[in-house]
Structures are given as structure tokens and as C-alpha cells.
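Work through the exercises below with the sequence and the coordinates at hand. Try each task before reading its solution.

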Amino acid sequence: MDTPAVRTTCPYCGVGCGVLATPRDDGTVAIAGDPEHPANFGRLCSKGSALGETVHLDGRLLEPQIGGKAASWDEALDLVASRFNAVIREHGPDSVAFYVSGQLLTEDYYVANKLMKGFIGSANIDTNSRLCMSSSVAGHMRAFGSDTVPGTYEDLELADLIVLTGSNLAWCHPVLYQRIAAAKVRRPQMRVVLIDPRRTMTADIADMHLPIRADGDTALFVGLLGFLAKEGALDHAYIERHTTGFAAALGLASFCDLDVISQHTGIAPDQLLAFFTLFARTERCVTVYSQGVNQSASGTDKVNAIINCHLATGRIGRPGMGPFSVTGQPNAMGGREVGGLANMLASHMQIENAGHRRLVQDFWASPAIAARPGLKAVDLFKAVGDGRIKALWIMATNPADSMPEADHVAKALKACPFVVVSDINAETDTTAYAHVLLPAAGWGEKDGTVTNSERRISRQRPFLPLPDKAKPDWWIITEVARRMGFAAAFTYQNPAQIFAEHAALSGVENKGSRDFDIAAHAGISARAYDNLAPFQWPQSQHAATGGGRFFADGGFFTPDRRARFVAVPPADTGVIDQRFTLNTGRVRDHWHTMTRTGKSARLSAHFAEPFVEMHPLDAAGRGIADASLVRLNNDYGDIVVRALLTDRQARGSVFVPMHWTNQFARSARVDTLVTSRTDPVSGQPALKMARVDVQPF
Ligand code: SF4
């Protein structure tokens, strides 16, 4: 008889859908959407519903390896601990680093962050979430004094206007797209505006598509702020009572003449007027933004330009209103909560704050606490390349493909004296550079929690046995910590104990900012943890219920409890040469470097090979025919992919998906073409704004 269905969550995007997984006697797994999960109410997208096709063990890393040879766990763990200790003794704590992932569960993340920041005493732990949403984190911090998403998914159904900017929701967060599409059928007065250089599939539900020039978003929303002021659409009472800095922000918006904004954004003045008027007149408005905003050298300014418009109209934290950052990965948010970014401390506390450092150190009873921010992802790999980082542990991610200037990253890994990789796969472009390979548990075997884009914490539960010698990430990190000499602080026997400690830390006295507070779950028992139903934070010790929305009545987490307008200048979007602007991103049916979705023939059939989307007129000008092979190159890299000609692509720009690696198509690693230019505030790389030559192959 088949085992009963296990309630878990999808391992892909930040929507965080609930999944019912039923292992069958024949070894397959039946997958269905969980009708009771508040993120998806039973819906799943193509990737989620194909999860059962991706859990087989082909290609899995099933035993530890040292130098390419099988080793015991004791040998591998002893070697990792002793080499890290030796490097720290000789060169100091900042000579080692962890590069982790939004694929880790919160418990894994918590233990990794505790080991690096509290016991090694460095903040050199950064995550691939840096590539995903760190500009949103920085924008939230600047405006709210905390990394707080104010709204809930329900707001997307209650709004009368949804503005989607830098978000191909139809392919990248499909269940949220489905929820909006269904709400639009129920409430025909709802309007959707899509702001994107490409006319993506999301345009199918859009009433208006604004084909914005790459990096034109700041100018657009600064211009919108000026327009709102001119039209008398501001909420002066909210501005007066709950914010500071409005005059300076408005001062920079004084260029709001439609012709000037049109020059910055590439959007025609009449389209601008139509959008601005719709925004001004529609109170229930949510602005959804994602990687098209974040992955930019001006990503944080874009986020604040959007937030400014919501603060100025008081449209925040009320039903159907607010700025809404949608995260890319299943646990990008959980990583933020435990302090998994190099510039954060645990539990939303700040590394630059001596009081916070003392609180965390006392709580952990740790010998050392990182005193300053560590290296952010791009700088971290530069430090690997120039020899400052001498021992690196990579967990659950594939930076040899996914980092900008990916060939330089691969070269840096090759030269690094000691590289440890924890992964579920034996052969990725990154595992090739590992001195030690550690077999990690995969989805369906792992046990822990994740947090989705609306602050909802859900359980990922195991329904398959750990294969061969694979182990959960939290166990691997704990064992290394013990062998490094920190056994007393790393006594965990199961993930419930880690979650209980994480929850207790969130409720410590004198923490200041109480946005992230799940102290209601401090000391949770293993049984209660196992039965934990999805919940939104905050859930403090003092409140019977929690979750919901933030900031309708102010109460920001700044010292004066007021939100800060940020005066942002529009970014320079001028064309700098005759080459094409390269935009990168996801397709509907693949995930990151395809280590899981590449196992499903059904998913691979959507796009069977890598391609470049290009406007037919641009292609004609270069002698490129539809479906022919095309070379894209610049000083950093050189790839060959197939031409897909479509007028969905704006003139002067091309789009190449991010997924294909050496494993699947030797010539198509698109991040080899992307420069390591980053946002000066968030450190997020500009993954959507490289310049490339495009020629027939
Ligand atoms: Fe998974 Fe995202 Fe699809 Fe939901 S929308 S099933 S979380 S990939």
C-alpha cells in the first residue's frame, strides 16, 4: 500500500507553494498541490507538478570524496575541520569563507551563519541570494529601517491596480500569476500594468505594457512621484505623520516633464501619462518587483524609487496596497532571517551595531563575533582569485556557472588552495574544482523550514530515506563545527532544536527592531515542529496571533519610527556603443543551472536547447536567420546559441536564458558574458545589463 501523502513545500521559486508528496510502492512519487497551503491553495506550476520526475538518484553524489576518491565521513569531516583551522591559525579568520544558497533550509543556514560569524569570527559568509534580491533588502533597510516585506499575497487579489516591474511573473512565479489572473476574472475592474523591456508572457494579462529601456525604472518612478505631487495625489497626512525626507526626494523629481522621463525610459510620453494617471487615481495599488529591478548597478535606488511612491500616497500595509518584492529562491527570505548575508547579523540584527553584536554573542556564548561586514559574493570570489581567501566551502550552489564573469570564477576556484563543495550532484561545473566533496540530502530527504516572499514559514518535510551516505546540510556543518573545537555550542540532534534556538534568538530582550520575531516558537518540541502549520511572521511570545501587514499606521523600525524617503537620481540609461544590451533570466520550465529540472524530459521539452531572443529587424541587419546559430561575445566570454527571432524583444537588446551549463550545452554559459559590475549599496551584480557583440556563427 502507498505511504500517505506528506505535506511539504516546493524547492523552486519564492512563491513557496505547498506540495502533497506521496511515495508509491513502485519507487515513484505522486505530486499534487496542497489545497490547504495559503500560498497556492492547491495550485502548482509546470515545475512543481513535475517534481516527481526529478527525485531519482541518477547523477547523485552519494558518498564523501577527497581528491576525487571515495572517503569515509570521518575522514572528510576531519580534513575539512583541520584545514579550516590551520588556515585560520596562520592567516586569520578572514582568510576563509562560506558561499551558501537560497536552496538551504533555514536550519542549515542558521548553523552555517553561527559557525562563521560567532565561532570563526569572520562575516565572510555570503549567499547566492546576493544575486537575487539583495537590492530589495538594502532598499527595505534604507526606507523602513528593517528588511520587512509589508504586504501579503492576498493583496495581489485585492488590488485594483497591479504594477509588475522587472518581473516576468508568468514564468518566474507562475502560481502568483495564476492567482492574479483568476482575481482579474472575478474582478474585471482590476488593471495590470507590465513594465519590462520584453513583451514577456506576463503581458497576456496586462492592460498596458510599457517597454522600458534597461535601467530606466528609477527615472520612471522618480517621474511618477513628481506627477503624483503635481496632480494632488499625495497623502500629506501620512507623509507628515510617518515619514522623513520627502522634500529632498520630491526635489529630485522636479524634472518630471514627460518628455524628459521619456528620454530616460524610452517610453512614449502618452504611455507615461496613461500609466501615471492610472496610478494616481487607483488607491488599491500593489507594485510587484523582482530581478529586473534588483539585478542592476542601480537596483537599490530603483527599489527606493518604488517605495517612495507608495509612502507618498500612504498606500502601504493596507489591503490591496504596497510595494512587494518577490524573491527568486525558495528560502531567500529564510536566509535573510538568520543573517546569511555578509552584511547582516542573525535575526535581522545589524552587524555594525555593537549592542546587537553583544546580544548575539551572549546568546550563542561564542568566543568571537564578526565585528564588521564580510565580503559580498562578487568581492568574495575576487578575494578567492587574488589569494586572500585560502579555504572556501560552497554549499548547494553552482557559482562556476551562475556568478558574473563565470570563467574568472572558475579560474579562481581552480587556484584556491582548499575548496569544499556540499552538493546533491556528483558532477556540476563547480564540483570539478572541489578538493573535498560532501554528499548532501536533497528535496524529499531534507527536513526543515523555508520562508516565502510573504514572510510565511512552512515546513519542508522528508518523504524519502537518505540515500546511501548523503546527510542533511545542518548535520554536516554541525559535525565540522564540533571537530573545529566548538562542540559545546553545536549539540544539535535534529532540525527542531535548531529552529527552537533560532526562534528564541528572535525574541531576545533589547533587540530593538522587532519586525522579525517568531519567539512564540522558542523551545518548540520535536513533535510540535513536525506538525508546524505554515505561518506568517511576526509571531512573538506576547501575541496570540501574528502575521498580517506592516506599516499602515507607521511604526517603522527606524530610531524615530518614521519611514525614510530616499532621494534617488535617475540612472544613466544612455546607449554607450553599437553593441547589444544582454538581458538574462529564467524560462518557464527550468530552474537555475538545471541540476534538478534537467532530469525531467517533460520540462526540457519546453526549450530543448539554449537560445538568444532577438528582434527580427536587428537580426536582418546582422544577416541572422531564425533558428540559425549565433555567436555572442565580449571581453569576458564567448557563447554560441540558436537564434529565436521575435518582436517580443526590444530593438537593440537580446535575451539569453541563464540555465545552460557545461553539463547541458558546452557553449552556452551566459554568465561568462556578464561583468561583475555591482550596485554600490547592495553589492548585487548587474546580471541584466551586459554589452555584447552578436554575429552569425
Ligand atoms: Fe514551485 Fe514556484 Fe511553481 Fe509554486 S510557483 S510550484 S513554488 S516553482
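The exercises that follow concern a predicted model.

**Exercise 1. Two helices in contact**

Task: Determine how the axes of helix 17 and helix 19 are oriented to each other, and which residues meet.

Solution:
- Step 1. Take helix 17 as residues 377-385 and helix 19 as residues 406-415; their axes come within 8 Å and cross at roughly 45°.
- Step 2. Angles under 35 degrees count as roughly parallel, and 65 to 115 as roughly perpendicular. Helix 17 and helix 19 are therefore oblique to each other.
- Step 3. The hand of the crossing between helix 17 and helix 19 is left-handed.
- Step 4. From helix 17, the contact takes in Phe-381, Val-384 and Gly-385. Helix 19 contributes His-408, Val-409, Lys-411, Ala-412, Leu-413 and Ala-415.
- Step 5. Sorted by class, the contact of helix 17 with helix 19 holds six nonpolar, two polar and one charged residues.

**Exercise 2. The sheet of strands 1, 2 and 3**

Task: Give the strand order and identify the edges of the open sheet formed by these three strands.

Solution:
- Step 1. The order is 1-2-3, and the pairing is antiparallel.
- Step 2. Strand 1 (6-9) and strand 3 (29-33) each have a single partner strand, so they stand at the edges, with one side of each left without a neighbour in the sheet.
- Step 3. On average, neighbouring strands of this sheet are turned by 35° against each other, direction ignored.
- Step 4. Five bridges link strand 2 (residues 18-23) with strand 3 in the antiparallel sense. Among the residues paired this way, Thr-22 has Ala-30 in strand 3 as its bridge partner.

**Exercise 3. The surroundings of helix 4**

Task: Decide whether helix 4 is mostly covered or mostly open, and find what its buried residues pack against.

Solution:
- Step 1. A residue is buried if 20 or more other C-beta atoms lie within 10 Å of its own.
- Step 2. In helix 4 (residues 134-144), 11 of the 11 residues are buried, and the helix is mostly covered. These include Val-137, His-140, Met-141, Arg-142 and Phe-144.
- Step 3. The helices packed against by the buried residues of helix 4 are helix 13 (291-294), helix 14 (299-312) and helix 15 (332-338). Strand 13 (322-325) and strand 20 (563-564) are also packed against by them.
- Step 4. Just after helix 4 comes Gly-145, with a positive phi of about 75°.

**Exercise 4. Strand 9 and its partners**

Task: Describe the burial of strand 9 and its pairing with strand 8 and strand 10.

Solution:
- Step 1. Strand 9 (residues 191-195) is mostly covered, with four of its five residues buried.
- Step 2. Strand 8 (residues 161-165) pairs with strand 9 in the parallel sense over five bridges.
- Step 3. Strand 10 (residues 208-210) also runs parallel to strand 9, joined by three bridges.
- Step 4. Leu-194 in strand 9 stands opposite Leu-164, and in strand 10 its bridge partner is His-209.

**Exercise 5. Strand 25**

Task: Work out how strand 25 is enclosed and how it pairs with strand 21.

Solution:
- Step 1. Four of the five residues of strand 25 (residues 653-657) are buried, so this strand is largely enclosed by the rest of the structure.
- Step 2. Strand 21 (residues 580-585) runs parallel to strand 25, and five bridges join them.
- Step 3. Opposite Leu-582 stands Val-654 in strand 25.

Key:
Residues numbered from 1 in each chain as written. Predicted model: local features only at pLDDT ≥ 70, side-chain atom pairs only at ≥ 80, totals over all residues. Axes fitted to C-alpha atoms, helices over the stretch in contact; angles between N-to-C directions. Parallel < 35°, antiparallel > 145°, perpendicular 65-115°, else oblique. Left-handed = near helix turned anticlockwise from the far one by under 90°. Contact = placed C-beta atoms within 7 Å. Nonpolar A, V, L, I, M, F, W, Y, C, P; charged D, E, K, R; others polar. Pairing = 2+ DSSP bridges. Buried ≥ 20, exposed ≤ 12 C-beta atoms within 10 Å, placed from the backbone.
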